[in-house]
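Student: Got a minute to go through this one with me? I'd like to talk strands and cavities.

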Amino acid sequence: MKNLLTKNRFSIMSKLIERLKDFGERRRRLLIGFGVTILLVLPTIWFGLGYVIAKQALAVPHGCGLWETNTPTNWTVEDDWESFEPWPDSEERISMRKNFDAAPWQFDSYETINFTSRDGINLEGWYVEVNSSSPVVIFVHGGYENGKCKPEILLSASYLSKNNINVFMIDLRNHGHSEIVSDYFYLGQKEYLDILGAYDWLIDEQDYEPESIGILSISTYTLASTLAFDESEMGAMWLDSAIIDFPLLVGNELERLGFPRILSSPAITMGERLVGVNLDDRVPLEVASRAGDRPMYLVHGDSDARISNEHSKMFYDKAVEADANVTLWMVEDSGHVDAVWEDSIEYEERLVNFFTQSLE
């Protein structure tokens, strides 16, 4: 009897151990399956978030929006001012624009020019010649709902035109009155061909020498303008509130909107795939060390909450390291593209002196 009891106990214990082993194996398999599922799903979520961020960030509203009726001979500073509301010191920033008297800065005349980019996109520009023997400056607008019609382009171009320098204000692809080829911003990697198209038109149709052509660019499309400067023999470049490093921009924007900077990696990857470019093909920051003796001028507000002045500082430092001809004007207590309005007298003086002395 005793042996039978012992045998039964052993049998029960053996079955219990087997069941525990089975449970452990099932649990192990469940954990492995769960882990595999997580590994498969996480990249989808990761790049899915990147795609959503990229699609929103790179979307380009077509046309000139509020400034559709602006022309060089009849332009205003009118705005709905709503885009300023979430920004620091918005009331002051709006006031300096609202109260600016644009009347003295109207052009006497202009010519609408149709030309093509180097990859065949149909583009439009406004050409103003005040002196056939003077140099010329190409004006490149900012991003999003923007174009040559934007008040800061017309004002800064007028500063030069009133001081005996010819100007050529252009609409990049997907902007203003130029051809619409997509709904997205190409990170400057294709738009620089539009600027080179304007450069070619000035040489081929107006007989300018390359060294007598300058470029002025504002905010977003300084990415494209810097690349065009690098690919040409333009004599000088002026950048206002520049974007030089796109990854830095994405990280700063995510942080400003309350998202973790770590999302910038999938956003950049999906952004490149969305618009079909590779940011490593042409790197604007590297242009700083290749400009040689050609003069470059950077303007940036030290209180710019929209585009960090880190961009201009990085470009300046890189240019200084290469002994390039570069100047940085860090405007005290100034926000995004504010200097042209709030420091208009000094801005005009610096701008005119720069291109007068830099271009042949």
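Tutor: Sure, we'll take the sheet and then the cavity. This is a predicted model, so to speak of local features we need pLDDT of at least 70, side-chain atom pairs count only at pLDDT 80 or more, and totals for chains, interfaces and linings use all residues. Residues are numbered from 1 along each chain as its sequence is written, and side-chain values use heavy atoms, leaving out hydrogens and water.

Student: Cool. What's the strand order in the open sheet?

Tutor: The order is β1-β2-β4-β3-β5-β6-β7-β8, with mixed pairing. Strands are DSSP E runs of at least two residues, helices H or I runs of at least four, both numbered from the N terminus; two strands pair if DSSP finds at least two bridges between them. The edge strands are β1 (111-116) and β8 (326-331).

Student: And how do β3 and β5 pair, parallel or antiparallel?

Tutor: Parallel, over five bridges. Ile138 has Ile215 in β5 as its bridge partner.

Student: Which strands does helix α11 touch?

Tutor: Helix α11 (residues 344-358) touches β3, β5, β6, β7 and β8, where contact means heavy atoms within 4.5 Å.

Student: New topic: what lines the largest cavity?

Tutor: Asp240, Ser241 and His300 are among the lining residues, meaning they have an atom within 4 Å of a cavity point; a cavity is a set of points on a 1 Å grid over the protein atoms alone where a 1.4 Å probe fits but cannot get out. Strand β7 (residues 296-301) gives the largest share of that lining, three residues.

Technical notes. 1 Å grid on protein atoms, 1.4 Å probe; cavity = no way out; pocket = protein on both sides within 12 Å on 5 of 7 lines; lining within 4 Å. Axes fitted to C-alpha atoms, helices over the stretch in contact; angles between N-to-C directions.
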